[in-house]
Amino acid sequence: MKLATRGVLFAALLLVAVVSGRVVAEKDAAPTIPEIMRKLNGGSNSMTRNLELDLKDDDPDWEAIQESSAEYVKLVDGLQKGTPRKGDKTSWERLAKNYAANARALDTAARKKDRKAAALVVTRIKNSCNACHDVHRPKDD
């Protein structure tokens, strides 16, 4: 193999390695507060909204609800690790801790297949949004 061909091959392999490393690093990176909030509460296809609708079914799909509630807990736990761009860190920690407690209560109710308790927790979560957003949500989010 010619030296020039080896150089091109080496450069191509190096490029693939760098791009692969970036993709893995991006996939392993913790989601940001806005990313977590969009997934949990961002509009008509958010996890909160979907759980709310699922819990209104006469015969809820408990397996799907339990998967969602477990993921919900993980995402909310991620909020506790974040630092808000606005507001006091102590306030953030308190509000995130309360949100995490609600997420765990939702997961517990889902595991028990207690539709009424789970629906009440979803309502409690929805009613707590403004208390946090008023203090910590930047206007551009």
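Asp59 has a relative accessibility of 67% and therefore counts as exposed, since the cut-off for that class is over 50%. The model that shows this residue is a predicted one. Asp59 lies in the loop that runs between helix H3 (47-54) and helix H4 (62-81). Although Asp59 and Arg115 are 56 residues apart along the chain, their C-alpha atoms are separated by 9.7 Å.

A second exposed residue is Leu120, which belongs to this class because its relative accessibility is 52%. Leu120 is part of helix H6 (residues 115-127). Between Leu120 and Leu106 there are 8.6 Å from C-alpha to C-alpha, with a separation of 14 residues in sequence.

**The chain as a whole**

The protein chain contains seven helices and zero strands. Read from the N terminus, its elements follow the order α-α-α-α-α-α-α. Of the 141 residues in the protein chain, 28% are buried. When contacts between residues at least 6 apart in sequence are considered, 68% of them join residues at least 24 apart.

**Two helix pairs**

Helix H5 (residues 89-111) takes part in both of the packings described here, one with H4 and one with H7. The table sets out their geometry.

| Helix pair | Angle | Distance between axes | Crossing |
|---|---|---|---|
| H4 and H5 | about 165 degrees | 9 Å | left-handed |
| H5 and H7 | about 160 degrees | 11 Å | left-handed |

Why are H4 and H5 described as roughly antiparallel? Their angle is about 165 degrees, and angles over 145 degrees count as roughly antiparallel, so H4 and H5 fall into this class. On the H4 side, the residues that meet H5 include Trp62, Ile65, Tyr72, Val73 and Val76. On the H5 side, the residues that meet H4 include Trp92, Ala96, Tyr99, Ala100 and Leu106. Taken together, the residues of this contact between H4 and H5 comprise 15 nonpolar, three polar and five charged.

The second pair joins H5 to helix H7 (residues 129-136), at an angle of about 160 degrees. Because of that angle, H5 is roughly antiparallel to H7. From H5, the contact draws on Ser91, Trp92 and Leu95, while H7 supplies Ala131, Cys132, Val135 and His136. Five of the residues in the contact of H5 with H7 are nonpolar, two are polar and none is charged. Trp92 of H5 appears in the contact with H4 and also in the contact with H7.

**An aromatic pair**

A pair of aromatic rings is described by the distance of the centres and the angle of the planes. The structure holds one such pair. Tyr72 and Tyr99 form it, with 6.3 Å from centre to centre and 75 degrees between the planes, in an edge-to-face arrangement. Tyr72 lies in helix H4 and Tyr99 in helix H5, 27 residues apart, and the pair thus links distant parts of the chain. Are these two tyrosines, Tyr72 and Tyr99, buried or exposed? Both Tyr72 and Tyr99 are buried. The two residues also belong to the contact of H4 with H5.

**An uncommon backbone angle**

Most residues other than glycine have a negative phi. Lys113, which is not a glycine, has a positive phi of about 60 degrees. Where is Lys113 found? Lys113 is located in the loop between H5 and H6.

Notes:
Residues numbered from 1 in each chain as written. Predicted model: local features only at pLDDT ≥ 70, side-chain atom pairs only at ≥ 80, totals over all residues. Heavy atoms only, no water. Axes fitted to C-alpha atoms, helices over the stretch in contact; angles between N-to-C directions. Helix = DSSP H or I, 4+ residues; strand = E, 2+ residues; numbered from the N terminus. Parallel < 35°, antiparallel > 145°, perpendicular 65-115°, else oblique. Left-handed = near helix turned anticlockwise from the far one by under 90°. Contact = heavy atoms within 4.5 Å. Nonpolar A, V, L, I, M, F, W, Y, C, P; charged D, E, K, R; others polar. Buried < 20%, exposed > 50% of the residue type's maximum accessible area, 1.4 Å probe, protein only. Phe/Tyr/Trp six-rings, centres within 6.5 Å; stacked < 30°, edge-to-face > 60°.
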